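Here are a few notes to read alongside the model. Take them one at a time, and keep the 3D view open as you go.

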Amino acid sequence: MSVLNILKYPDPFLKKPAEAVPEKEDVSDLIKDMFETMYNARGIGLAAPQVGVGKRVIVLDVSPVDETSKSLALINPEIVSREGREESEEGCLSVPELNVKITRASKVTVSGYTPEWEVIQVAAEGILAIALQHEIDHLDGVLIVDYLSRLKREFYRKKIKKMYAQRM
Ligand code: NI
């Protein structure tokens, strides 16, 4: 297992929609590396495009926020139902130093495949529902910055450019 490099906004790869994984393709090593990368960065979710892999794979572990929740890996996840609305503040490992208030469905049902290619359906609410929607957004090339107004997004882009320049 290895810790992978997490791409950061405004890396254009993060804007590219990911491709469905062909059935039965073995992505178990990718999933292990994604878990290790996520835990290493102290995140609660990670999508494959964030580590430069354009495949529809996500991993989640929201147990730091909801201790009853277990870790979860999904291949080709799809939201099949949504219920309610809830606003919360979200951060992202690919979007440093930014929290964005985003309104999402408060409950979702997601279908997909386990790492062993078994069909799975996950009914989620609370932080897990939010995290699932956030990670599936990544698979469609959508980032938390896309929920900002154009003005705020420009402001953030300038701030982050300055920050990267200072680090070099
Ligand atoms: Ni994210």
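A residue is called buried when its relative accessible area is under 20%, exposed when it is over 50%, and partly exposed in between. Please keep in mind that you are looking at a predicted model.

1. **Helix 2 and its surroundings.** Let us start with that definition in hand. In helix 2, the buried residues are Leu128, Ala129, Ile130, Ala131, Leu132, Gln133, His134, Glu135, Ile136, Asp137, His138 and Leu139. That makes twelve of the 14 residues, so the helix is largely enclosed by the rest of the structure.

2. **A length check on helix 2.** How far should the 14 residues of helix 2 span at 1.5 Å a residue? The expected span is 20 Å, and the end C-alpha atoms are 21 Å apart, which agrees. Just beyond, helix 2 is followed by Gly141, a residue with a positive phi near 75°.

3. **The nickel ion.** Which protein atoms are the donors of the nickel ion? They are SG of Cys92, NE2 of His134 and NE2 of His138, at 2.1 to 2.2 Å from the ion. Along the chain, these donors follow the spacing C-x41-H-x3-H.

4. **Two histidines on one helix.** His134 and His138 both belong to helix 2, which covers residues 126–139. They sit four residues apart, about one turn of the helix. Both His134 and His138 are buried.

5. **The sheet.** Now turn to the strands. Five of them form an open sheet with antiparallel pairing, in the order 1-2-3-6-7. Strand 1 and strand 7 (119–125) stand at the edges with a single partner strand each, so one side of each is left without a neighbour in the sheet. From one strand to the next, the twist averages 40°.

6. **Strand 2 and its partners.** Strand 2 pairs with strand 1 in the antiparallel sense over three bridges. Here you can find Ala47 opposite Ile58 of strand 2, while Leu46 has Val59 as its bridge partner in strand 2. Strand 2 also pairs with strand 3 (residues 72–83), again in the antiparallel sense, over four bridges. In this pairing, Val59 stands opposite Ala73 of strand 3.

7. **The two faces of strand 2.** Are the side residues of strand 2, such as Val57 and Ile58, buried or exposed? Val57 and Val59 on one side are buried, and so are Ile58 and Leu60 on the other, which leaves both faces of strand 2 covered.

8. **How helix 2 meets the sheet.** Helix 2 lies across strand 1, strand 2, strand 3, strand 6 (107–113) and strand 7. With respect to strand 2, helix 2 runs at about 155°. It is a good element to rotate into view, as the two nickel donors His134 and His138 lie in it.

9. **Salt bridges, beginning with Lys15.** How many salt bridges are counted in the model? The count comes to six. In one of them, Lys15 joins Asp146, with the closest N and O atoms 3.0 Å apart. This pair links distant parts of the chain, 131 residues apart: Lys15 is in the segment before helix 1 (28–40), and Asp146 is in the loop between helix 2 and helix 3 (150–167). Lys15 has 42% relative accessibility and therefore counts as partly exposed. Asp146, at 30%, also counts as partly exposed.

10. **Asp140 and Arg56.** Another salt bridge brings together the side chains of Asp140 and Arg56, at 2.9 Å from N to O. These partners are 84 residues apart, with Asp140 in the loop between helix 2 and helix 3 and Arg56 in the loop between strand 1 (45–47) and strand 2 (57–60). Asp140 counts as partly exposed because its relative accessibility is 39%, whereas Arg56, at 14%, counts as buried.

11. **A small network to finish.** The side chains of Arg104 and Glu90 meet in a salt bridge at 2.7 Å, N to O. Arg104 lies in strand 5 (residues 95–104) and Glu90 in strand 4 (residues 86–92), 14 residues apart. Both Arg104 and Glu90 are buried. Through salt bridges that share partners, Glu90, Arg104 and Asp137 are joined into one network. Asp137 brings us back to the first point, as one of the buried residues of helix 2.

Terms used
Residues are numbered from 1 along each chain as its sequence is written. This is a predicted model: local features need pLDDT of at least 70, side-chain atom pairs count only at pLDDT 80 or more; totals for chains, interfaces and linings use all residues. Side-chain values use heavy atoms; hydrogens and water are left out. Donors are N, O and S atoms within 2.8 Å of the metal (3.2 Å for Na, K and Ca); water is not among the atoms, so sites may look incomplete. Buried means under 20% relative accessible area, exposed over 50%, partly exposed in between (1.4 Å probe, protein chains only). A salt bridge is a side-chain nitrogen of Lys or Arg within 4 Å of a carboxyl oxygen of Asp or Glu. Two strands pair if DSSP finds at least two bridges between them. Axes are lines fitted to C-alpha atoms, for helices over the stretch in contact, and angles run from 0 to 180 degrees between N-to-C directions. Contact means heavy atoms within 4.5 Å. The expected span of a helix is 1.5 Å times one less than its number of residues.
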